[in-house]
Each structure stands twice: as structure tokens, then as C-alpha cells.
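Open the model in your viewer and keep the selection box at hand. We will go stop by stop, choosing a few residues each time and looking at what surrounds them.

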Amino acid sequence: MTTPITDIEHPCSFHDLPVFTLPEPGDDRPWPATLPSVDGMAWRLDCGWDGHGFAATWQHFLKTVDPAQVRALVIGPWWDGEYSSLAPVVELITSDAARFPALRALFLADVVGEECEVSWLRMCDITPVLRAFPLLEELVVRGGGSGLDGESLELHPVRHETLKSLRFESGGLPGHVVRAVGACELPALERLELWFGSQWYAGDATVADMAPLLSGGAFPRLRHLGLQNSEIQDEIAVAVASAPVVAQLESLALSMGTLSDAGGLALLGGQPLTHLDYLDLQHHYLGDEVMGRFKELGERDDVHVYLDEADDWDPDDEDDARYVAVSE
């Protein structure tokens, strides 16, 4: 079991494969003597600020690597000289979907703050990806609702037979995306993580938007649920405390948000959590007494409870001093 993700970072591995960034002709990264095996890597494409643009990078990738053997694909910065929409990237990838029969995992927008703030990423409708790759098992999307020039993340309800893991890493996840997730038919889904972010960056999802996810009826194979990075983390915790979905879970993450004693006590006083392998509450605002009770839960019932506090938090601070881990 690995420590849960609680921040924006470049993954070293994806879909249980090491990530390898394909060098572009003329860039500063040295070419390896031989390229690694195509099916043994998650291939990452990174245009760089002074690159040739994504279209050229994509064609270089198709000529360098046999796309029929690619199992996992990671899309890094895709712009050339100025930030641009992800829409042309999605269009290129989906138009060549037939050339990737082995693709099982896709990470859209593996971008960190030094390259572009998560709230600046110019997102688009990612529904075509699910339609173009019916055998996809894992999808990660980084970015959210505000973006430059108002370009935001969109999703429309779809049925997808094989998707097992879906994660949205966002500093502002729109409520309409959350509702669309709940309206999707994903019979194979085992892991779902939603980072809600801040209202300042279009993170306007409500607990009502999450109702299908909490019901337990939407995704019968779900074993991990992450409702994270939220300014309404206490409200979410109160809802989770009696949510039917909890009984089917093996792990639960309510981390990265503004969880305080109110939400913590609701969890402790709600339905049993003793069946969980782990409970992730990292980046919280719990007092010592409530933290102690969660530690007792872990020690008594063999639940791995992650309890790292939010950085630089003083218990004497006002409630409005609390913040989510990822926003801008």
C-alpha cells in the first residue's frame, strides 16, 4: 500500500508502469542509447515552453514508437509559447485511437505549478476520450473549471464497460462535472477520486451533486472513494457518515480539504469504519482530542489512518483561515 496522493506532482509511475518522457529532436534532454520497450513504459509527451507544438510532438511520437504496443500515455505541457486549449490534443488523440489497441491508461494534463498553475489550464470536453477508447481502464484528468479565457472542463454522461479508475485532480471542479460522473454508467469502476478545489476557481460542487456517488447504487464495484480537497469537507464528512456507499469500500479519502472537528466527530459518530484498510484525512484541521480518537480507531481496529495536519495551521486561527491543499 502506497501513501495516498495529496498534491500536484509529476508521477514517477502510472498504471503500474514507470513513466518515460520521450525526448524531442533538438531539445536539451539526451537521447538514450536505446529506447525502452514500448509496452514496458508509460509514455509521457512534453512539448516544453519552446517546443514544436503538440501536433509535431504527436507525429514524432507516432513515428518513433509503435503505437499498437503503447499501454499507458501521459500528456504533459502541450502548448508552444502561450497557453492553449487541451481541445486540439483530445482531437488528435481520439482521431488516432484505432492505432492504440493496447492503450489502457491515459493521463491528461500532467502539469505542475512551475509549468502552469492548475487553475490556469485551459481544459475542454473530455467525453470523446471515453468514447474513443472503449477498453480504457484508467483515466486521470488534471485541471478544472475556470481556466484562462473561460475554457473549462466538461464531461457528459456515458456508459463505459472497462474503466476501473477515474481521478479528477482540480483546484476547482465544477458541479456539472460531478453530476455527470454520477450519471455515468461505469460497471467496472473500482476507484473514484474527485478533488473539488476552491469556489474562486469554479469549484462549486455541493453535497447534493454527490448524492448518486454516496448512494452505493451508482458503481457496484467501487472499493475506493476520494472526496477530497474541498472547502465543504465538513459537509461531505457529515454526508459520508451515513452514506450507503461506505459499506462497500475498502478505503476512503476525505483529505486535502478543510476538515475540522465538526466533520471528524460526524465520521466517528456515524456508521462503522472498522472494515476499511485505510482512511485518509491528511491536510486536516482537527483538534488533538479528535485526532486522538482517530488514532485509537487505527490502533484498535487495524485501520491505516493518515493524519498529517495542514501546514502552518494554528488551532487558534479563525475558521476562514482554513484552506484546501490545491487551488491555484
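This is a predicted model. Start by selecting Phe61 and Phe100: Phe61 is buried, and Phe100 is buried as well. Show their rings and you will find an aromatic pair of the stacked kind, with 6.3 Å from centre to centre and 20° between the planes. Now colour by secondary structure to see what this pair joins. Phe61 belongs to helix 1, while Phe100 sits in the loop between helix 2 (87–95) and strand 5 (105–108), so the pair ties together parts that are 39 residues apart in sequence.

**Next stop: along helix 1**

Keep Phe61 and add Trp58. Both residues lie in helix 1, three residues apart, which is about one turn of the helix. In general, an α-helix has 3.6 residues a turn, so residues three or four places apart point the same way. Trp58 and Phe61 are both buried. What kind of aromatic pair do Trp58 and Phe61 form? Their pair is tilted, at 5.7 Å centre to centre with 45° between the planes.

Widen the selection to Phe20, Trp43, Phe54, Trp58, Phe61 and Phe100, and you have one aromatic cluster on screen. Over the model, the count of aromatic pairs comes to twelve.

**The sheet**

Switch to a cartoon view and pick out the strands. Twelve of them make an open sheet with mixed pairing, in the order 1-2-3-4-5-6-7-8-9-10-11-12. Select 13–14 and 304–306 to find its edges: strand 1 and strand 12 each have a single partner strand, so one side of each is left without a neighbour in the sheet. Helix 1 (residues 54–64) packs on this sheet, where it touches strand 3 (42–45) and strand 4 (72–75), and its direction makes about 150° with that of strand 3.

For one pairing up close, select residues 224–230 and 251–253. These are strand 9 and strand 10, which pair in the parallel sense over three bridges. Zoom in on Gly226 and look for its bridge partner in strand 10, which is Ala253.

**Helix 4 and its cover**

Select residues 175–183, helix 4. Which residues of helix 4 are buried? They are Gly175, Val177, Val178, Ala180, Val181 and Gly182. Add strand 7 (165–169), strand 8 (191–197) and helix 5 (211–215), which are among the elements covering those buried residues.

**The cysteines**

Now select the cysteines. How many disulfides are there? The count comes to zero. Cys124 is in no disulfide, and the nearest cysteine sulfur, belonging to Cys116, is 14 Å away. Is Cys124 buried or exposed? With a relative accessibility of 9%, Cys124 counts as buried. Cys12, by contrast, is exposed at a relative accessible area of 70%.

**Zoom out**

Finally, show the whole protein chain, with its eight helices and twelve strands. Its radius of gyration is 20 Å, close to the 20 Å that the globule rule gives for 328 residues, so the chain is as compact as a globular protein of that length. Turn the C-alpha trace to its principal axes and the span is about 60 × 40 × 35 Å. Of the 328 residues, 53% count as buried. If you draw the contacts between residues at least 6 apart in sequence, 79% of them join residues at least 24 apart.

Technical notes:
Residues numbered from 1 in each chain as written. Predicted model: local features only at pLDDT ≥ 70, side-chain atom pairs only at ≥ 80, totals over all residues. Heavy atoms only, no water. Pairing = 2+ DSSP bridges. Helix = DSSP H or I, 4+ residues; strand = E, 2+ residues; numbered from the N terminus. Contact = heavy atoms within 4.5 Å. Axes fitted to C-alpha atoms, helices over the stretch in contact; angles between N-to-C directions. Phe/Tyr/Trp six-rings, centres within 6.5 Å; stacked < 30°, edge-to-face > 60°. Buried < 20%, exposed > 50% of the residue type's maximum accessible area, 1.4 Å probe, protein only. Disulfide = S-S within 2.5 Å. Rg over C-alpha atoms; globule rule 2.2 N^0.38 Å.
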